[in-house]
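Me: I would like a close look at a single part of this structure, set in the context of its surroundings. Please treat the matter in one connected account.

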Amino acid sequence: MPAQTLTALRRAYAEELRVAGPVRSNPKVIEAFAKVPREKFSPPGPWTLHSTVSWRTPDASPAWVSHNVLISIDERKGINNGSPSLWAYLFDHINLKPGERVLQVGTGLGYYTAILAELVGRTGHIRAIEYERRLAGIARENLKHLPQVEMIHGDASSCDPGHDLDVIVVFTGGTHPPSLWLERMAPGGRLLMPLVGVDGRGFMLRVIRRGHRRFDAKVLSRVGFSLAKGFRVKSEARALKSAIDRLKGKLPKLRALHVGPVCAARRKQAFYATR
């Protein structure tokens with residue numbers, strides 16, 4: 001496919017996300033999606049795509065993946081590369097800036113890592129962590145041309161970034177943010193994390209650090225995610241599903257995240273205050 005045609009396809013795809021997200025505050029999000037070649041961070045085509053139904057593309061033309069659809073990464077495990085419109089919307093809500101330090105949890109094959117790299121630029125730094133060894137190996141190869149990306153295979157819940165973080169973005173569903181992440185958030189630092197129940201359904205939480213123990217919290221959208229390793233507790237997942245079911249489709253109205261003991265019998269962890 002001619003380079004000019006590919007450039008036009010990616011621009012049309014990015015403009016589709018501007019509306020589908022929507023992206024209303026940070027136009028650099030659209031520019032990042034227009035620049036990064038999605039097919040380079042996907043399994044070899046043809047691809048299994050998910051929209052209204054799941055279907056297999058007839059060939060490996062990049063045109064098929066230059067749309068707001070999910071692409072299967074591991075069909076057996078139910079892993080896909082995530083909704084482009086959802087992540088465009090979420091990136092717009094954390095307003096990444098050049099030079100910022102990012103922890104990305106759940107790298108997959110590196111597509112959204114490359115988007116984040118565009119947003120923080122060469123002066124930024126992204127520590128990208130993937131739990132699945134095979135995916136981490138592929139992502140490392142896919143991202144080797146980006147000097148601002150540090151690719152790690154491991155458990156993000158126990159991996160200390162070694163410095164303060166401006167942004168933490170989580171791509172797998174947990175029940176609580178580990179204390180280590182909260183401690184490493186710089187003043188004004190932002191966290192995006194899907195909190196999901198035992199069925200993988202839940203909501204996207206945005207947290208902004210305002211002080212030593214003050215964390216503003218807001219729910220941005222309903223989500224469905226594969227289940228995390230390392231920052232999930234089964235009892236919390238069951239309780240979270242029950243709480244979400246009681247809302248009957250409404251989003252929870254959260255205003256703050258507090259760090260401290262929930263009760264004497266529980267370990268130190270995060271919990272939430274509602275309006």
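How close do the axes of H3 and H4 come, and at what angle do they cross?

Reply: The model is a predicted one, and the account below starts from the two helices named in the request.

The axes of H3 and H4 come within 12 Å and cross at roughly 30°. Because angles under 35 degrees count as roughly parallel, H3 is described as roughly parallel to H4. The crossing in which H3 passes H4 is right-handed. On the H3 side, the residues involved are Pro 84, Trp 87 and Phe 91, and these meet Tyr 112, Ile 115, Leu 116 and Leu 119 in H4. By class, the residues of this contact divide into seven nonpolar, no polar and no charged.

H4 itself spans residues 111–120, and nine of its 10 residues are buried, so the helix is largely enclosed by the rest of the structure. The buried residues are Tyr 111, Tyr 112, Thr 113, Ala 114, Ile 115, Leu 116, Ala 117, Leu 119 and Val 120. Their cover includes the helices H1, H2 and H3, together with strand S5 (101–105), strand S6 (125–130) and strand S7 (149–153). Just after H4, Gly 121 takes a positive phi of about 70°.

One of the covering strands, S6, contains Ala 128. With a relative accessibility of 0%, Ala 128 counts as buried. Leaving aside neighbours within four places in sequence, Ala 128 is in contact with Thr 113, which is among the buried residues of H4. The other contacts of Ala 128 on this basis are Gln 104, Thr 107, Val 149, Glu 150, Met 151 and Ile 152. Between Ala 128 and Gly 108, 20 residues apart along the chain, the C-alpha separation is 9.5 Å.

H3 also packs against H1. The axes of helix H1 (residues 3–20) and helix H3 (residues 84–94) come within 9 Å and cross at roughly 65°. That angle makes H1 roughly perpendicular to H3. H1 passes H3 in a right-handed crossing. Here Tyr 13, Leu 17 and Ala 20 of H1 make the contact with Pro 84, Ser 85 and Ala 88 of H3. The residues of the contact of H1 with H3 divide into five nonpolar, one polar and no charged. Pro 84 thus takes part in the contact with H1 and also in that with H4.

Aromatic residues from these helices belong to one cluster, whose members are Tyr 13, Phe 33, Phe 41, Trp 87, Phe 91, Tyr 111, Tyr 112, Phe 171 and Phe 225. Of these, Trp 87, Phe 91 and Tyr 112 also appear in the contact of H3 with H4, while Tyr 13 appears in that of H1 with H3. The count of aromatic pairs comes to 13.

Two residues of the loop between H2 and S1 complete the picture. Glu 39 is found in that loop and is buried, with a relative accessible area of 13%. Apart from neighbours within four places in sequence, Glu 39 is in contact with Leu 6, Arg 10, Trp 47, Pro 62 and Val 65. Gly 45 lies in the loop between helix H2 (27–35) and strand S1 (48–50); Gly 45 is partly exposed, at 29% relative accessible area. A separation of 24 Å lies between the C-alpha atoms of Gly 45 and Ala 88, which are 43 residues apart along the chain.

Notes
Residues numbered from 1 in each chain as written. Predicted model: local features only at pLDDT ≥ 70, side-chain atom pairs only at ≥ 80, totals over all residues. Heavy atoms only, no water. Axes fitted to C-alpha atoms, helices over the stretch in contact; angles between N-to-C directions. Helix = DSSP H or I, 4+ residues; strand = E, 2+ residues; numbered from the N terminus. Parallel < 35°, antiparallel > 145°, perpendicular 65-115°, else oblique. Left-handed = near helix turned anticlockwise from the far one by under 90°. Contact = heavy atoms within 4.5 Å. Nonpolar A, V, L, I, M, F, W, Y, C, P; charged D, E, K, R; others polar. Buried < 20%, exposed > 50% of the residue type's maximum accessible area, 1.4 Å probe, protein only. Phe/Tyr/Trp six-rings, centres within 6.5 Å; stacked < 30°, edge-to-face > 60°.
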